[in-house]
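Thanks for making time this morning. I would like to walk through one fold with you, beginning with how its strands pair and ending with its aromatic rings.

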Amino acid sequence: MALPVAFVTGASTGIGFEAARKLASQGFTVYAGARRVDRMEPLKALGVHVLPLDVTDEESMRAAVGRVLEEQGRIDVLVNNAGYGSFGALEDVELAEGRRQFEVNVFGLARMTQLVLPAMRKAGRGRIINISSIGGKFYEPLGAWYHATKFAVEGMSDALRLELKPHGISVCIIEPASTVSEWGGIAAQGLLATSGTGPYASQAREMAGALDSTNRPATSTAPEVIADAVLHAAGSARPRTRYPVGRGAWAILTLRRILPDRLFDAVVRLVLKRVATR
């Protein structure tokens, strides 16, 4: 029997890189796509096929999916991991940047899904794994655009799960908590550049400190742990619809579910202050 074929987007670092590595180690034929192809060189030694992919570029996405289908004849698992975090006060963020945040985190995910679905439907099976965030269930100050995209991924994935079930295709959502990666540092830099001066400067400094803290193992989860959830979602005969995973994920989501909004607001402010000053 042919090995199952998985395609991972945003695989140059962090969760995507580790997901590609773990899937390959467990017998999947893995294709890993990202803009920074050079960062995926270590994956080649593990037998992973690396290819350029920009989820804001139609031709790039078509070429990548076309190559996998040409070489393997099918795609069994799509891991939609490509994304980034755009932070800044809504008043300060240019609408062009807000649109770009949606273009990468939502429309890129949607278009990649569109491109793989015909082959999955023809096969009568397949699995879409969307990397969301616990940030798709709660919120932080100066993160309006980022959280809006993750809320969108949650809703889109739920609707997709129902419409694809008759075709034998499962949809799973991975909801990571803070993960050790370069993501937080890049988001913090963008936040300070956008709102580091002016009326939101104080909040921006605090939030930037919290974002920077995601690089610390003491306050965040290793990407390998998140990748384990991806592996379970890809290989399980009956995967969960959602995988909240990482340090504090269950606690935060439980508090969001049971607390009134203003009380949860106070919890968010308190947590951010403590994390930012560690």
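In this predicted model, strand β6 and strand β7, the latter covering residues 242-245, run parallel and are joined by four bridges, and within that pairing I173 stands opposite R242 of β7. On its other pairing, β6 is joined by six bridges to strand β5, residues 126-131, and these two strands are again parallel; here I128 has V171 in β6 as its bridge partner. The connection from β5 to β6 involves helix α5, residues 144-164, and the three elements together make a right-handed β-α-β unit. How much of β6 is buried? Of the eight residues in this strand, which spans 169-176, seven are buried, so that the strand is mostly covered, taking buried to mean under 20% relative accessible area.

Let me now widen the view to the whole sheet. It is an open sheet of seven strands, paired in parallel, and its order reads β3-β2-β1-β4-β5-β6-β7. The edges are taken by β3, residues 49-52, and by β7, and because each of them has a single partner strand, one side of each is left without a neighbour in the sheet. From one strand to the next, the twist averages 15°. Packed on this sheet is helix α3, residues 58-72, which touches β1, β2 and β3, and whose direction makes about 155° with that of β3.

I turn next to the aromatic rings. A pair of aromatic rings is described by the distance of the centres and the angle of the planes. The count here comes to six aromatic pairs, and one of them, formed by F87 and W183, is edge-to-face, with 6.0 Å centre to centre and 90° between the planes. Why does this pair tie together parts that are 96 residues apart in sequence? The reason is that F87 lies in the loop between β4 and α4, whereas W183 belongs to helix α6, residues 183-195. The two residues are also worth describing by their accessibility: F87 is buried, at a relative accessible area of 3%, while W183, at 28%, counts as partly exposed. Together with Y146, F87 and W183 form one aromatic cluster.

Finally, there are rings with a charge over them. The charged end of R100 sits over the ring of Y84, at 4.6 Å from its centre, and the charged end of R256 sits over the ring of F264, where the distance to the ring centre is 5.2 Å.

Key: Residues are numbered from 1 along each chain as its sequence is written. This is a predicted model: local features need pLDDT of at least 70, side-chain atom pairs count only at pLDDT 80 or more; totals for chains, interfaces and linings use all residues. Side-chain values use heavy atoms; hydrogens and water are left out. Rings of Phe, Tyr and Trp (its six-membered ring) pair if their centres lie within 6.5 Å; planes under 30 degrees apart count as stacked, over 60 as edge-to-face and the rest as tilted. Buried means under 20% relative accessible area, exposed over 50%, partly exposed in between (1.4 Å probe, protein chains only). A charge sits over a ring if NZ of Lys or CZ of Arg is within 6 Å of the ring centre and within 35 degrees of the ring normal. Two strands pair if DSSP finds at least two bridges between them. A crossover is right-handed if, with the strands pointing away from the viewer, the path from the first strand over the helix to the second runs clockwise. Axes are lines fitted to C-alpha atoms, for helices over the stretch in contact, and angles run from 0 to 180 degrees between N-to-C directions. Contact means heavy atoms within 4.5 Å.
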